[in-house]
Amino acid sequence: MRRYLLAAALLLGAPLAGAAGGGHAELPAFKADLQNPAALQRGLQTFTNYCLSCHSAQYMRYTRLAKDLGLTEAQLTEQLIFNGQGVYQTMTVALDKSDGARWFGTAPPDLSVIARARGADWLHAYLMGFYVDPTRPFGVNNTVFDKTAMPHVLGHLQGPQVLKDGHLEPAGDGALSAAEQDALVSDLVSFMGFLAGS
């Protein structure tokens, strides 16, 4: 397990030396809500819709999610399992690691224990920290993880942001308000904390 945590941390890169230029950024504090089943269910839904295409969570079994989060097996199969897996399987993806490495520059890491490896503060800031950068392959960069290989999969919800003088500013509308986007990311990070058992 220790080896896996180290590998996950290395795949995701070192903490930001600020994208705005120099020094380690101070991350805003974020407290994951691990005792709120409704928030964790919403986070699970976001995870399966936006993360589970590329990132697995191979140390979590769907039936365990159902038990811990108060879901039925029918809810899992009808609303959360989109890849043909059964409820007794773990949360894995069909994406081949070599394809992931070719498409993104590195294989997308498993997210089972990422909240332990990175911490909730880092994850929340990372998911909220994408900004427009036409020099990057997917047109975005990140204030917490400079030159990130990940596209901004929540970008259509958040809307574009630009980095000006070290601060993020909205540069267009998204499908969600700023408060709704923060709530969605908060639930997602809380779910990843639940996955990691933190």
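**Exercise 1. Find how much surface the chain exposes, and which atoms supply 55% of it.**

Solution. Start with the method: accessible areas come from Shrake-Rupley with a 1.4 Å probe, and for residues only the protein chains shown count as cover. The chain exposes about 10400 Å². Carbon and sulfur atoms supply 55% of that area.

Before going on, a word on the model. This is a predicted model, where local features need pLDDT of at least 70, side-chain atom pairs count only at pLDDT 80 or more, and totals for chains, interfaces and linings use all residues. Residues are numbered from 1 along each chain as its sequence is written, and side-chain values use heavy atoms, with hydrogens and water left out.

**Exercise 2. Work out how confident the predictor is, and where the pLDDT is below 50.**

Solution. Recall that pLDDT is the predictor's confidence in each residue, from 0 to 100. Its mean over the chain is 87, and 87% of the residues reach 70 or more. Next, look at residues 1-24, where the pLDDT is below 50. Beyond near neighbours in sequence, this stretch has 43 contacts in the model (contact: heavy atoms within 4.5 Å).

**Exercise 3. Describe the overall build of the chain: secondary structure, burial and contacts.**

Solution. First, count the elements: there are nine helices and six strands. These are DSSP runs numbered from the N terminus, with helices being H or I of at least four residues and strands E of at least two. Second, take burial, where buried means under 20% relative accessible area, exposed over 50% and partly exposed in between, with a 1.4 Å probe and protein chains only. Of the 198 residues, 43% are buried. Third, consider contacts with a separation of 6 or more: residues 24 or more positions apart account for 67% of them.

**Exercise 4. Compare the salt bridges of Asp187 and Asp68: which partners do they have, and where do the partners lie?**

Solution. Apply the rule: a side-chain nitrogen of Lys or Arg within 4 Å of a carboxyl oxygen of Asp or Glu. The count comes to five.

- Asp187 pairs with Arg42, the closest N and O atoms being 2.7 Å apart. This pair links distant parts of the chain, with Asp187 in helix 9 (residues 178-196) and Arg42 in helix 2 (residues 37-51), 145 residues apart. Asp187 counts as buried at 12% relative accessibility, while Arg42 is partly exposed at 41%.
- Asp68 meets Arg64 at 2.7 Å, N to O. Both lie in helix 3 (residues 62-69), four residues apart, about one turn of the helix. An α-helix has 3.6 residues a turn, so residues three or four places apart point the same way. Asp68 is partly exposed at 32% relative accessibility, and Arg64 is partly exposed at 44%.

**Exercise 5. Map the largest nonpolar core: which residues touch the most other members, and which helix gives the most?**

Solution. A nonpolar core is a set of buried Ala, Val, Leu, Ile, Met, Phe, Trp, Tyr and Cys residues joined through side-chain atoms within 4.5 Å. Among the 44 residues of the largest one, Phe47, Leu65 and Met91 touch the most other members. Elements that each supply at least two residues include helix 2, strand 1 (57-61) and helix 7 (120-128). Helix 9 gives the most, with nine residues.

Now zoom in on Leu65. Leaving out residues up to four places away in sequence, Leu65 touches Leu44, Met60, Gly70, Met91, Phe191 and Phe194.

**Exercise 6. Decide how many of the nine residues of helix 7 are buried.**

Solution. Eight of the nine are buried, so to speak a mostly covered helix. Among the buried ones are Trp122, His124 and Tyr126.
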